[in-house]
Amino acid sequence: MQNHYEAVVIGVSAGGFRALHTLLSELPDHFTLPVMIVQHRKASAENYLVTSLNKNCRLLVKEADEKEKITSGTVYLAPGDYHLLVEKDKTLSLSIDEPVCYSRPSIDVLFETAAATYQAGLIGIILTGANSDGSAGIRSIKAGGGLTISQHPETAEADTMPLAAIATKAVDYILTLQEISPFLNDLLEQSHETKE
Amino acid sequence: MDNEELEITLLLEAMQSRYGYDFRGYARASLTRRIKKGLAETGLQRISELIPPILYDRDFFNKFVANLSVHVTEMFRDPLFFKALREEVIPYLKTFPFIKIWSAGISTGEEVYSLAIVLKEEGLYEKSRIYATDFSDTVLEKARKGIYPTDLIKKSTKNYQKSGGSTSFGNYYHADYESAIFDRALKKNIVFANHNMVTDSVFGEMHLILCRNVLIYFDANLQNHVFQLFFDSLRPNGFLCLGSKETLEYSKEKDNFVAVIKRQKIYQKKKTHRGYHAESL
C-alpha cells in the first residue's frame, strides 16, 4: 500500500545555498505538498536566501511566520535564530528555546514536531552539512511511518550530516542531489494513482 | 487524541487547579518539547507520572515550572531594534520627568540588562523605574543575580556594537574564566517581581512595555488576552515593543495602536481611550 504524503521537511547546513537551489528549482509548479526547511544560518535583516530561492523556484518561497497555516505548494524557511515547529493543527510556530546540536533553528526540532503531526504522511530529507543535527529527527520520522531520504554523502559539499543520518539506519533512500526532486515527483504521482 | 496529548492535558489541568499556573493557552509543540525535557531530567517514564510529585511537592513544581519559562538568548538580540529604541523612542521618553517601563516575561534577564544599558547611556536611567517580571521565582532569582556564561558575552558584544552602543560592552561586567557578572549599578532601578501574564492583572501606567519573543509561545486567544493587558497597562502614547517575528496585525487591539517603526515591531498606543470612537460624539 502506498502512503498518501502530506508534507516534506528538509534539513541542510554547510553547503546548503547551492543544494537548495538545485533541489527546489527542479520542483514543478504543480508540486502539491508544502515544504518546510531548516537551513542553519545566522539571523540577518536582509533575507538574501529567501529572495534568491524565490527567483529560481516555481513555488512560493517564504520565511515562516508564527501561527501561519501550512499551505500546499509553498516552501517555508525557518527564520534565523528561531526554531521552527509544526503544531498538530498544521500551523507553524516559532520558539527561542535553547539551541539543539548547537543549532537554532534546529533540524531535529522541525523533524520531530512534523513527525508527530504528519506521521506516515511525512517525507524527511537530509542534505549537505557539517554536523549531526537531523539524525534524531530522521529516527522520529521513520518511527512514525514516514519516508526518509539522505543526499548521497559523496555528492554532498559536507558529508557529516548525511553520514550521521545514514548511520541511524533509519534512511530509506540515498540519492544524489539531482535525483531527489524527480524522485519526489514520481512518488507523488504514484501516491495519487493509488489513491484514485 | 493520542495518549501523550491526553497526559499533557491532564498535567496542565493539574498545575492549573493546584497552583493557578495556566499553560493551557500555550502553543503545544514547544510546550510538549519542554515538558518532555523536564521529564527526562527526572528519570520518570511517562508524562502522567509527573502529576503526583507536582501535586504533592512544591519544590518539584517550582523547578519544573522554571523549565517552562527559560528561553535562551543573548543580550541586544536584534541590534537594529535596540538602535531604533535608542534613536526613535528614547528622545520622546526624555520629555517626561519620570518614566515607568515594564519588561514582561524576562526569563533569565538578558533583555532587561540590555535595556538598562541603553537607558544609562542615554542619560535616562536615573529617572526610570523598570519592572522586570516573570512567572517563575527560580528564574527571577537568576535574572536578579545577573551572572551569565562567557560564551554569551562574545555574541552580546557584537550585538551591542551594532546597536549603537556608545562605550565598551566590557564596562558593564566583571568576567572570570567561566562567567560574567553584571554591574550592580544596572540593577539599582530594576524591580524584579513575580507576575503571570496569563492570570495576573494590569501593571501600572507604563510609558514603555518590552515583551519580545514571549508571545510566540502563546496561542491566538492568549495572545489577544495579553495584548489587551498591555493596552490597559500603557499610558496614552505609551510604546509596546514586540519580537521580530511577532505582530499586532491580527489581534483585536490592532486599531488601538500605531506601528511607529514597523520593521522593528515598535507600536504606540493611540491617544484616545478605548470606546471613544464607538460613542456618538
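## Salt bridges and a surface patch

Glu112(A) is partly exposed, with a relative accessible area of 25%. That makes this residue a good place to begin a walk through this predicted model. Its side chain forms a salt bridge with Arg33(B), and the closest N and O atoms are 2.6 Å apart. This pair crosses between chains: Glu112(A) sits in helix α3 of chain A, while Arg33(B) sits in helix α2 of chain B. Arg33(B) also counts as partly exposed, at 25% relative accessibility.

Helix α2 of chain B, which covers residues 28-42, also holds Lys37(B). Here the partner is Glu98(A), with 3.4 Å between the closest N and O atoms of the salt bridge. Again the pair crosses between chains, and Glu98(A) belongs to the loop between β6 and α3 (107-118) of chain A. Lys37(B) is partly exposed, with a relative accessible area of 38%, and Glu98(A) is partly exposed too, at 26%.

Now to a pair within chain A. Which side chain does Lys90(A) meet in a salt bridge? The partner is Glu6(A), at 2.9 Å from N to O. Lys90(A) lies in the loop between β5 (83-86) and β6 (92-95), and Glu6(A) in the segment before β1 (7-12), so this salt bridge ties together parts of chain A that are 84 residues apart in sequence. Lys90(A) is partly exposed, with a relative accessible area of 30%, and Glu6(A) is partly exposed at 31%.

Here are the three pairs side by side.

| Salt bridge | N to O distance |
|---|---|
| Glu112(A) and Arg33(B) | 2.6 Å |
| Lys90(A) and Glu6(A) | 2.9 Å |
| Lys37(B) and Glu98(A) | 3.4 Å |

How many salt bridges does the structure hold over all chains? The total is 28. Some of them join up into a network, which links Lys62(A), Glu63(A), Asp65(A) and Glu68(A) with Lys245(B).

Charged pairs are one part of the picture; a nonpolar patch is another. On the surface, Met1(B), Leu6(B) and Leu10(B) form such a patch, and together they have about 330 Å² of accessible area. Met1(B) is found in the segment before α1 (3-19) of chain B. Is Met1(B) buried or exposed? Its relative accessible area is 72%, and Met1(B) counts as exposed because the cut-off for that class is over 50%.

Technical notes: Residues numbered from 1 in each chain as written. Chains lettered and ligands numbered in written order. Predicted model: local features only at pLDDT ≥ 70, side-chain atom pairs only at ≥ 80, totals over all residues. Heavy atoms only, no water. Patch = residues over 30% accessible without salt bridge, like charges linked within 9 Å, V, L, I, M, F, W, Y side chains within 5 Å. Areas by Shrake-Rupley, 256 points an atom, 1.4 Å probe, with all protein chains shown as cover. Salt bridge = Lys/Arg side-chain N within 4 Å of Asp/Glu carboxyl O. Helix = DSSP H or I, 4+ residues; strand = E, 2+ residues; numbered from the N terminus. Buried < 20%, exposed > 50% of the residue type's maximum accessible area, 1.4 Å probe, protein only.
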